Amino acid sequence: QVSDSIGIPLGIFIGLGQIPLVLWVVILPSLTAFAACSVVASIACEPLRRLPADAHWTQRARMVWPIRTLSLPLFVLATLMPATNFMATQPESFPYSKGLVIFFVVLSAGTGALFAIARMRMVISQQAHPAWHVLRDFVVYITCFFGLTLVSGTAVLMFSSTLSQGWGLLAAVVTAVLLGMTQFYTAGIPFLKMLGLVRPAPERIVALTDEAARRSGSISRPVVLIHWGIANALAFPGCQLIGITDRACKALDDQQIIAIMAHELAHLDESAGEKRRRLMMSIAISVFPVLLLASIIHDFLFGKIAIFAIFFFLLTTAQSFSRRMEEKADTVGRSAETEAGEYALALEQIHRVNLIPAVLSSTPQHTHPELYDRMQACGITPDYPRPAPPERFNFKAAAAAFAILVFGTVAGLLVPVILVDSMARSIPARHDEPTGMIRPKSQEAAGQFTPSLASTKSDSL
């Protein structure tokens, strides 16, 4: 009477009671995510532990960068792997809301991953970091920088079942465009305010922003304080708003904040054409997942190649455009100095506090110029030689993450099969027909069944 397919694990556990359901949905995802992230983080942080305590901050930043770039993919992998396994092995007849169960699986796995990443951040910064700080920083980072991807993903989820139809695809594209525009013009600030992660900036920061506007010949704009674990200042051209993190307020002195605010004001003073270009690029990034999914559904190989080619071209031009805007804003930041080098020292302090390498690559391939080059452009020669770029990623940690992905996927698919024989007796027979006929699920799929004796008598009556 038990299905010969692999899609029965959660149904088996639920049939035994609520405790196995809690085990499968809450405890196992959190423990496996914590263990997976801990193993990968331990391997990734091994070179950092061997670094001398008195090592220069640029050397430590070079070691930290591959670990930091791995943390977000690691979190996503450890969080989504249990949910993917459940979706691949779910039974056809499920007495609970599948969406709700997947939500709890993702929430549990994400909680376990956050605790592991918090321990990794302790090794990086040599300071204690509560797990909820990791969650807070993750929410702020995703909202400010990857909100477009999330909202377009929402559009895909809303219309994925109808993407093969013309109207469904059109609705998905329109929704992605509208949500992308909303992200550009709000920058996710209202959402962060609801969470208590953004509040009005203190009077000191407002006064320093006014002074930066006076020195640079700009117009003062509203400023908000963002609760974020890094030192940074952000300009949001769509909503004409400046955000500064509480850690930046503590790490920089008044003259450095004035220079940084002048830099951000320069982004808000961009021309209408430059703002339209940023908006169009944001919309393109938002629509990209929808078009890609549509080409996959239609199995349109040329479409996938064309979409990737166009997106790569737009991404490359956007990077060069952003570098030009950063160099232009650097000029404005230098103009707000009272003493030569204040702006350069402010940039260096931000990199030092955040452990961002002074040189990220040997070729210009990022949206911001290298710190070392920016300091030299300000007329300041750093008191250390030009550092080598960091490794793109930790090969050992990446190999461990891949091994965990394979092992977790195989285990998630095979464990239910192993448990079938021992738990099959706990599954009640399926009564799908009002006449009492009992169909094994495997025979249902083939459209074949043999009525029982009771069902034959019932039909004769």
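This tour proceeds through the model one selection at a time and states what is found at each stop.

**Before starting**

The model is predicted, so local features need pLDDT of at least 70 and side-chain atom pairs count only at pLDDT 80 or more, while totals for chains, interfaces and linings use all residues. Residues are numbered from 1 along each chain as its sequence is written, and side-chain values use heavy atoms, with hydrogens and water left out.

**The whole protein**

Display the full chain as a cartoon. The protein has 19 helices and four strands; helices (H or I, at least four residues) and strands (E, at least two) are DSSP runs, numbered from the N terminus. Of its 461 residues, 43% count as buried. Buried means under 20% relative accessible area, exposed over 50%, and partly exposed in between, with a 1.4 Å probe and protein chains only. Contact means heavy atoms within 4.5 Å. Among contacts between residues at least 6 apart in sequence, 68% join residues at least 24 apart.

**Helix 2**

Select residues 18–44, which form helix 2, and find isoleucine 43 within that helix. Isoleucine 43 is partly exposed, at a relative accessible area of 26%. Its C-alpha lies 8.0 Å from that of alanine 400, although the two are 357 residues apart in sequence. Alanine 41 is also found in helix 2. With a relative accessible area of 8%, alanine 41 is buried. From the C-alpha of alanine 41 to that of arginine 121 the separation is 9.4 Å, across 80 residues of chain.

**Two loop residues with positive phi**

Move to alanine 187, in the loop between helix 8 (166–186) and helix 9 (189–194). Its phi is near 60°, a positive value in a residue other than glycine. Alanine 187 is buried, with 6% relative accessible area.

Next, select glutamine 240, in the loop between strand 3 (233–236) and strand 4 (241–245). Here phi is near 50°, again positive in a residue other than glycine. Glutamine 240 is partly exposed, at 23% relative accessible area.

**From glutamine 240 to aspartate 269 and alanine 329**

Keep glutamine 240 on screen and add aspartate 269; their C-alpha atoms are separated by 8.9 Å, with their positions 29 residues apart along the chain. Aspartate 269 belongs to the loop between helix 12 and helix 13 (272–297). Its relative accessibility of 39% makes it partly exposed. Leaving aside neighbours within four places in sequence, aspartate 269 is in contact with Ser218, Arg221 and Lys275.

Now add alanine 329, whose C-alpha is 9.6 Å from that of aspartate 269 and which is 60 residues away along the chain. This alanine sits in helix 14 (residues 301–335). At 1% relative accessibility, alanine 329 counts as buried. Not counting residues up to four places away in sequence, alanine 329 touches His263, Ala266 and His267.

**Helix 15**

Select residues 342–354. Helix 15 has 13 residues and reaches 18 Å from its first C-alpha to its last, close to the 18 Å expected at 1.5 Å a residue; the expected span is 1.5 Å times one less than the number of residues. Because 10 of its 13 residues are buried, helix 15 is largely enclosed by the rest of the structure. Among the buried residues are Tyr343, Leu347, Ile350, His351 and Val353. Just after the helix, leucine 355 takes a positive phi of about 55°.

**Helix 12 against helix 15**

Two packed helices are described by the angle between their axes and the distance between the axes. Add helix 12 (residues 254–268): its axis and that of helix 15 come within 8 Å and cross at roughly 90°. Axes are lines fitted to C-alpha atoms, for helices over the stretch in contact, and angles run from 0 to 180 degrees between N-to-C directions. The two helices are therefore roughly perpendicular, the word used for 65 to 115 degrees; angles under 35 count as roughly parallel, over 145 as roughly antiparallel and the rest as oblique.

To view the contact, show Gln255, Gln256, Ala259, Ile260 and His263 of helix 12 with Glu342, Tyr343, Leu345, Ala346, Leu347 and Ile350 of helix 15. These residues divide into seven nonpolar, three polar and one charged. Ala, Val, Leu, Ile, Met, Phe, Trp, Tyr, Cys and Pro count as nonpolar, Asp, Glu, Lys and Arg as charged, and the others, Gly among them, as polar.

**Last selection: cysteines**

Select cysteine 249, which is buried at 12% relative accessibility, and then cysteine 378, buried with a relative accessible area of 13%. A disulfide is a pair of cysteine sulfur atoms within 2.5 Å, and by this rule the count comes to zero disulfides.
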